[in-house]
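User: I would like a close look at one part of this structure, namely the strands and the side-chain pairings around them. Please place that part in the context of the whole chain.

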Amino acid sequence: EGWAKRVHPDDLPLIRERIREAMDRRSAELSLAFRIIRPDQTVRWIEGTARFLYAPDGTPLRMVGVNMVLTERRESEAALRSANAGLEQFAYAASHDLREPLRMIRLYTELLTRRHKDTLPQDAQHLFEIVRMAALRATDLVADLLSYTQATTIDAAARGEVDANDVLQVAGASHVLPV
């Protein structure tokens, strides 16, 4: 109970439920993150890992564990998420802002080449083609940047547990070479 008095009141019901579930399953170990309130009233995140000790008849005797402070790590992760969100917004805006000038470069080089095809020397036509191809490559890079920023944003609800055996089986099945 001394330990439970330190746990943040909002987290205590969940912790008690997880402990009860672990004991009902006769689990040997439990690990979870929660908040505690320190004597100076500051709130800290910790990760508690507990091991349950049982009597020979299966009755829980005691719970022993270790707590590791997570507050700084959580604050760093939040700052990193915020910085990444800013970078994603910048990349998104930059990719959209770069598309139009690249499109104009490509279109005007094509237009100049078509309009003056008969009067432009061959080397000038070649240079316009180099500019046009560079603009196309840059357009592809910008599109890839936009795709990358969208691909790195994973909806938390979309994440879940995945059975690695299923993934390996599918991957192995799709890469079987004919004999």
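To begin with the context, what percentage of the residues of the chain count as buried?

Analyst: The model is a predicted one, and of its 179 residues, 20% count as buried. The accessible surface of the chain comes to about 13600 Å², and carbon and sulfur atoms hold 59% of that surface. Five helices and three strands make up the secondary structure, in the order α-α-β-β-β-α-α-α from the N terminus. Among contacts with a separation of 6 or more, 43% are between residues 24 or more positions apart.

Within the strands, a salt bridge joins R51 to E29, with N and O 2.8 Å apart. Because R51 belongs to strand 2 (residues 43-54) and E29 to strand 1 (residues 29-37), this pair ties together parts that are 22 residues apart in sequence. R51 is partly exposed at 40% relative accessible area, and E29 is likewise partly exposed, at 43%.

Aromatic side chains add a further pairing. The whole structure contains one aromatic pair; it is formed by F52 and Y54, whose ring centres are 6.4 Å apart and whose planes meet at 35°, a tilted arrangement. F52 counts as buried, with a relative accessibility of 5%, whereas Y54 counts as partly exposed at 23%. Another ring, that of W45, has the charged end of R74 over it, at 3.8 Å from the ring centre.

A nonpolar patch on the surface consists of L53, L61 and V64, which together have about 250 Å² of accessible area. Of these residues, L61 is found in strand 3 (residues 60-69). L61 has a relative accessible area of 60% and is therefore exposed, the cut-off being over 50%.

For comparison with the helical part, the search of the whole structure finds seven salt bridges. One of them links R103 with E100, the closest N and O atoms being 2.9 Å apart. These two residues are three apart in helix 3 (residues 71-115), so about one helical turn separates them. R103 is partly exposed at 34%, as is E100 at 38%. A salt bridge between helices is formed by E110 and R132, at 3.5 Å from N to O. Since E110 lies in helix 3 and R132 in helix 4 (residues 122-151), the pair ties together parts that are 22 residues apart in sequence. E110 and R132 also belong to one network with E129, joined by salt bridges that share partners. E110 itself is partly exposed, with a relative accessible area of 23%.

Key
Residues numbered from 1 in each chain as written. Predicted model: local features only at pLDDT ≥ 70, side-chain atom pairs only at ≥ 80, totals over all residues. Heavy atoms only, no water. Patch = residues over 30% accessible without salt bridge, like charges linked within 9 Å, V, L, I, M, F, W, Y side chains within 5 Å. Areas by Shrake-Rupley, 256 points an atom, 1.4 Å probe, with all protein chains shown as cover. Salt bridge = Lys/Arg side-chain N within 4 Å of Asp/Glu carboxyl O. Helix = DSSP H or I, 4+ residues; strand = E, 2+ residues; numbered from the N terminus. Buried < 20%, exposed > 50% of the residue type's maximum accessible area, 1.4 Å probe, protein only. Phe/Tyr/Trp six-rings, centres within 6.5 Å; stacked < 30°, edge-to-face > 60°. Lys NZ or Arg CZ within 6 Å of the ring centre and 35° of its normal. Contact = heavy atoms within 4.5 Å.
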